[in-house]
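Here is a walk through how two chains are divided up, with a stop at one sheet along the way. Have the model open while you read.

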Amino acid sequence: MKLAKKIFETALSEGRTFVLEHEAKDIMKEYGMPIPAYGTATTADDAVTKASEIGYPVVLKILSKDILHKTDAGGVKLNLKNDDEVRDAFEEIMANAKRYGEEKGIEVDLSRGVFITQFAEMGTEVIIGVTKDPQFGHAIMFGLGGIFVEVLKDVTFRLIPLEEVDAREMVREIKAAKILDGVRGEDPRDVDALVKVILAVSKMVDENPEINEIDCNPTFVYERGKGVLVVDARILIDNPNAKSSSSH
Amino acid sequence: MSSSKPDIYNDVDPFFNPRRVALVGASTDYRKLGNSILMNLLSSEIEIYPISKSSDRILGTKVYRSLSEIPNPVDLVIIAVSAKYCPDLMAEVKQAGASHAIVISGGFSETGPQGFELEQKLVIAAKKAGVRIVGPNCVGISNSRLFNGTFTMMPERGNIALLSQSGALGGMMIYTTRAKRIGISKFASIGNAADIGFVDILEYFRNDPRTKVIAIYIEGVENGKKLFESLRRASREKPIVILKGGRSEAGGRATQSHTGSLAGETRVFDGMVKQAGCVSAPTLDSLIEICKLFDYQPLPKGRNIGIISNTGGAGVLATDAASSLGLAIPSLESETTRELRQVLSPMASIGNPIDVVASGGRREYRVTTELLLSDPNVDMLLVICAVPTFAGMTQTEHAAGMLEGVRSVESDKPVVGVWLSGDVGKPGKDLLEMNRIPCYDDPFLASLCMSKITEYAYLLQRHAHS
């Protein structure tokens with residue numbers, strides 16, 4: 001895909017091996033992945049306009065080539081309900097980012113402003129990721145989010161590209177698979193939509209092998225018929241100039 | 001060797017089907033590998049030319065001073081001399097008529113940088129001479145229908161091909177298959193795989209008409225994508241059972257220092273195995289037992305297992321194991337239970353799992369086997385017997401009854417036995433195994449093997465639809 005190549009080129013020209021969140025989501029949208037409505041803004045006024053277009057509540061996140069871990073830099077504000085909250089959040093994020101830069105002794109580029117997105121309704125949290133295995137190349141990972149992935153390591157892998165049957169098996173074979181059938185009176189989750197996202201990630205990586213790692217974490221799965229939303233997305237790419245590019 | 005076979009088949013075939021074999025490093029010293037290999041070769045159905053500088057006759061056979069002295073062209077040379085002599089031998093191998101050599105000798109990349117250099121030299125020399133090599137640092141190759149080009153035992157004839165990355169472990173597995181009387185079609189230990197690698201042998205086994213099942217012991221992989229593609233291709237034609245070594249972190253480290261190969265990330269590997277349509281074996285013993293079941297019995301059409309026992313306890317254990325491994329314990333047709341009620345003791349339990357109770361003998365085993373195999377709710381059958389040493393029963397009557405039941409139904413459902421009671425159960429167990437009904441000592445292993453062939457049947461069907 002041309003868009004992805006262009007984005008990767010820009011990133012590398014800025015010395016980044018990660019792409020910015022709106023860029024990651026632009027690429028994912030091209031591959032048909034469901035993303036909550038989003039935009040970018042470089043001023044507080046601009047942020048308010050975008051937020052009302054998207055519809056409240058919204059989330060604001062710092063957009064800077066110098067910040068990969070946004071939360072650490074105080075660069076994320078969740079569940080903003082009106083214009084005033086957005087305006088305040090914008091100013092606060094800018095101030096935090098500046099201070100973060102001072103503490104680290106770097107000049108943080110603030111020219112891109114912020115990323116604004118719809119504050120997605122909570123769904124069943126899953127993670128879809130991509131890693132590059134030294135022997136097998138790109139492998140896609142699926143698991144339930146939170147404690148399931150962090151403590152229990154209840155995840156499963158397949159090599160990329162994979163077929164629909166493989167994606168369905170991944171979803172079925174994790175130990176916590178029953179949660180997707182619906183527990184405690186919940187309706188079954190939208191596994192068909194989830195499988196489509198897994199296949200879209202596979203296709204995206206297959207067509208853009210310079211991708212090194214992906215995290216779609218969290219991805220929310222809603223009840224059957226209501227789809228999936230990739231809420232946070234991260235794409236890391238190879239640095240063709242470095243022998244071994246660090247991924248974090 | 002038909003022309004429709006891919007090139008790699010013809011490249012590899014002379015390793016398994018040579019007509020004349022030379023052994024460089026033949027020895028009179030029974031403590032040397034060159035002696036064991038010669039002994040194995042001499043009991044093979046092919047012409048053998050031992051090469052040694054120190055003796056004129058070894059094991060009663062004429063010895064040649066060098067490869068150039070052999071009167072007839074050979075098509076395979078086995079080499080068991082010090083590593084340092086190996087590179088220079090490659091040109092002589094070619095001059096002796098062979099384009100194939102098995103380098104048994106160790107002392108190459110597995111030992112460090114110097115050995116690595118020597119291995120590079122060997123590869124370059126072989127390439128220059130136009131010789132393909134298996135090894136170095138390997139146990140060798142055997143074809144149970146033709147010759148034994150290893151220093152380990154010749155396996156019994158059969159249908160399971162064995163491919164091992166670890167030489168010694170692969171060699172030991174042959175002893176195990178002999179003890180269990182499981183037949184092997186071909187055995188290959190690839191050692192450092194400096195030239196012929198895992199995938200080459202796998203492709204060969206895929207095309208080998210004598211091989212029905214492929215058993216693999218693997219530690220690390222160099223070209224994972226190629227391995228995956230090859231496994232996926234082969235698994236559509238025959239079942240492949242894989243045991244992966246180097247899973248734990250400690251195990252992983254052991255791998256690095258073992259064959260000098262890389263160990264893949266365990267989870268990625270496991271996903272790859274499923275994606276490739278292969279099944280994994282958790283243990284060395286189960287690797288062989290799963291292969292045996294694939295070899296002896298048909299694939300199930302579904303995952304419903306019928307269980308027969310003469311002890312309630314073992315029936316419960318089998319039920320627990322089967323359901324924990326993803327098999328289902330179905331209810332039987334009312335017609336089946338009605339007939340069972342008529343035949344079995346009033347004390348018997350006629351729901352699945354069926355308990356024919358201790359008084360159940362030949363007749364009960366025959367009829368119950370027949371009825372369960374005829375029941376459409378049953379896709380596979382597990383028959384357990386704790387052979388009684390009382391009430392005048394013979395040691396083999398339960399097995400005989402089961403066998404009669406299997407024969408009279410002529411179903412295409414897989415059947416296995418679990419014969420308890422140690423030596424008392426042995427004759428019955430042997431009777432079943434001789435009739436190609438795998439018979440285990442433990443309900444868990446039996447259930448595990450059944451669950452694996454069920455998984456493969458599912459994967460195969462999945463391929464057919466995708």
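Which strands does helix H2 of chain A lie across, and at about what angle does it run to S1(A)? Bear in mind that this is a predicted model. Helix H2 (residues 21-30) of chain A lies across S1, strand S2 (58-62) and S4 of chain A, and its direction is at about 150 degrees to that of S1(A). Helix H3 (residues 44-54) of chain A packs on the sheet too, touching S1, S2 and S4 of chain A. Its direction makes about 20 degrees with that of S4(A).

Now the sheet itself. In chain A, four strands make an open sheet, ordered S1-S4-S2-S3, with antiparallel pairing. The edges go to strand S1 (38-41) and strand S3 (76-80) of chain A. Each of these has a single partner strand, so one side of each is left without a neighbour in the sheet. On average, neighbouring strands here are turned by 20 degrees against each other, if you ignore direction.

If you want to zoom in on one pairing, try S1(A) with strand S4 (residues 114-118) of chain A: the two run antiparallel and share four bridges. Within that pairing, look for Thr40(A), which stands opposite Phe115(A) in S4(A).

Next, the domains. Chain A is assigned two: domain 1 (1-36 + 120-248) and domain 2 (37-119). Chain B is assigned domain 1 (7-134), domain 2 (140-296) and domain 3 (305-465). For one domain pair in each chain, the contacts look like this:

| Domain pair | Centre separation (C-alpha atoms) | Residues in contact |
|---|---|---|
| Domain 1 and domain 2 of chain A | 24 Å | 10 residues from domain 1, 11 residues from domain 2 |
| Domain 1 and domain 2 of chain B | 24 Å | 29 residues from domain 1, 23 residues from domain 2 |

What is the make-up of the side of domain 1 of chain A that touches domain 2 of chain A? Its residues divide into five nonpolar, one polar and four charged.

Over in chain B, the side of domain 1 that touches domain 2 has 20 nonpolar, five polar and four charged residues. To find that side in the viewer, pick out helix H1 (7-16), helix H2 (33-42), helix H4 (113-129) and strand S7 (132-134) of chain B, each of which supplies at least two of its residues.

Methods. Residues are numbered from 1 along each chain as its sequence is written. Chains are lettered from A and ligands numbered from 1 in the order in which they are written. This is a predicted model: local features need pLDDT of at least 70, side-chain atom pairs count only at pLDDT 80 or more; totals for chains, interfaces and linings use all residues. Domain bounds come from an automatic or database domain assignment. Two residues are in contact if their C-beta atoms, placed from the backbone, lie within 7 Å. Ala, Val, Leu, Ile, Met, Phe, Trp, Tyr, Cys and Pro count as nonpolar, Asp, Glu, Lys and Arg as charged, and the others, Gly among them, as polar. Two strands pair if DSSP finds at least two bridges between them. Axes are lines fitted to C-alpha atoms, for helices over the stretch in contact, and angles run from 0 to 180 degrees between N-to-C directions.
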